Amino acid sequence: MIEFDADEIARAMDVEYTQVIRETAFLFLQSVTIATPVGNPSRWAPQSLPPPPGYVGGRARGNWQVSIGSPETSELDVRDKSGGPTIARGNTSIKAYRKGSRFASIFIQNNVPYINRLNNGHSKAMAAGFVERAAAVAVRGARRGGRSEV
């Protein structure tokens, strides 16, 4: 006869489940942030309007937001050309996903009004579908055990 403690197994699964969720979220955040094109006026089409005075690219890249339980609805007034600060900020939120949050959702969203246009290939800096490719990278990474900062 084999005996086991169902509560102990459930606790162990929650720890594993929680880590897999965190790693997948982190890998997606990292991939999608780095893949998000950053505006570069020198690459804009000749018929485009000139950039506004003081223009700094990185608004879309800096607007990836992570929340737990419900999505963020605001747009951030942030510019992030490298993606590092956005990934660090999001990783702080991902780390807040705890054991016992098993049925809570992690939302990773971008609320700039033109993010869909960028993902549909509007920018010459990145091919269409970068969000979907980032999701595929995250899922593959999680299946291989991921490499996470969380």
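What pattern does the chain follow when read along the sequence? The pattern is α-α-β-α-β-α-α. That order comes from five helices and two strands. The model is predicted. The points below cover the chain as a whole, its core, one buried glycine and the largest pocket.

**The chain as a whole**
- The chain has 150 residues, and 32% of them are buried.
- Take the contacts with a separation of 6 or more: residues 24 or more positions apart account for 73% of these.
- About 9,300 Å² of the chain is exposed. Carbon and sulfur atoms supply 55% of that area.

**The largest nonpolar core**
- In soluble globular proteins, nonpolar side chains tend to be buried together.
- Here, the largest nonpolar core holds 20 residues.
- Six of them touch the most other members: Phe28, Val32, Trp64, Ile108, Ile115 and Phe130.
- Five elements each supply at least two residues of this core. They are helix H1 (6–35), strand E1 (64–68), helix H3 (84–95), helix H4 (115–119) and helix H5 (130–143).
- Helix H1 gives the most, with seven residues.
- Ile108 touches Ala25, Phe28, Leu29, Trp64, Gln65 and Val66, leaving out residues up to four places away in sequence. Of these partners, Phe28 and Trp64 are also among the core members that touch the most others.

**Glycine 90**
- Gly90 is found in helix H3.
- Is Gly90 buried or exposed? Its relative accessible area is 3%, and buried means under 20%, so Gly90 is buried.
- Which residues does Gly90 contact, leaving aside neighbours within four places in sequence? They are Leu29 and Val66. Both residues are also touched by Ile108.
- Gly90 and Gln30 are 60 residues apart in sequence. In space, they are 9.0 Å apart, C-alpha to C-alpha.

**The largest pocket**
- The largest pocket has a volume of about 750 Å³.
- How many residues line this pocket? The lining has 26.
- Gly39, Trp44, Tyr55, Leu118 and His122 lie nearest the pocket's centre.
- Helix H2 (59–62) and helix H4 are the elements that give two or more residues to the lining. Helix H4 also supplies at least two residues of the nonpolar core.
- By class, the lining has 14 nonpolar, seven polar and five charged residues.

Technical notes. Residues are numbered from 1 along each chain as its sequence is written. This is a predicted model: local features need pLDDT of at least 70, side-chain atom pairs count only at pLDDT 80 or more; totals for chains, interfaces and linings use all residues. Side-chain values use heavy atoms; hydrogens and water are left out. A nonpolar core is a set of buried Ala, Val, Leu, Ile, Met, Phe, Trp, Tyr and Cys residues joined through side-chain atoms within 4.5 Å. Buried means under 20% relative accessible area, exposed over 50%, partly exposed in between (1.4 Å probe, protein chains only). Helices (H or I, at least four residues) and strands (E, at least two) are DSSP runs, numbered from the N terminus. Contact means heavy atoms within 4.5 Å. On a 1 Å grid over the protein atoms alone, a cavity is a set of points where a 1.4 Å probe fits but cannot get out, and a pocket is an open set with protein on both sides within 12 Å along at least five of seven lines; lining residues have an atom within 4 Å of a point. Grid points are joined across faces, edges and corners, and a volume is the space filled by probe spheres set on the points. Ala, Val, Leu, Ile, Met, Phe, Trp, Tyr, Cys and Pro count as nonpolar, Asp, Glu, Lys and Arg as charged, and the others, Gly among them, as polar. Accessible areas come from the Shrake-Rupley method with a 1.4 Å probe; for residues, only the protein chains shown count as cover.
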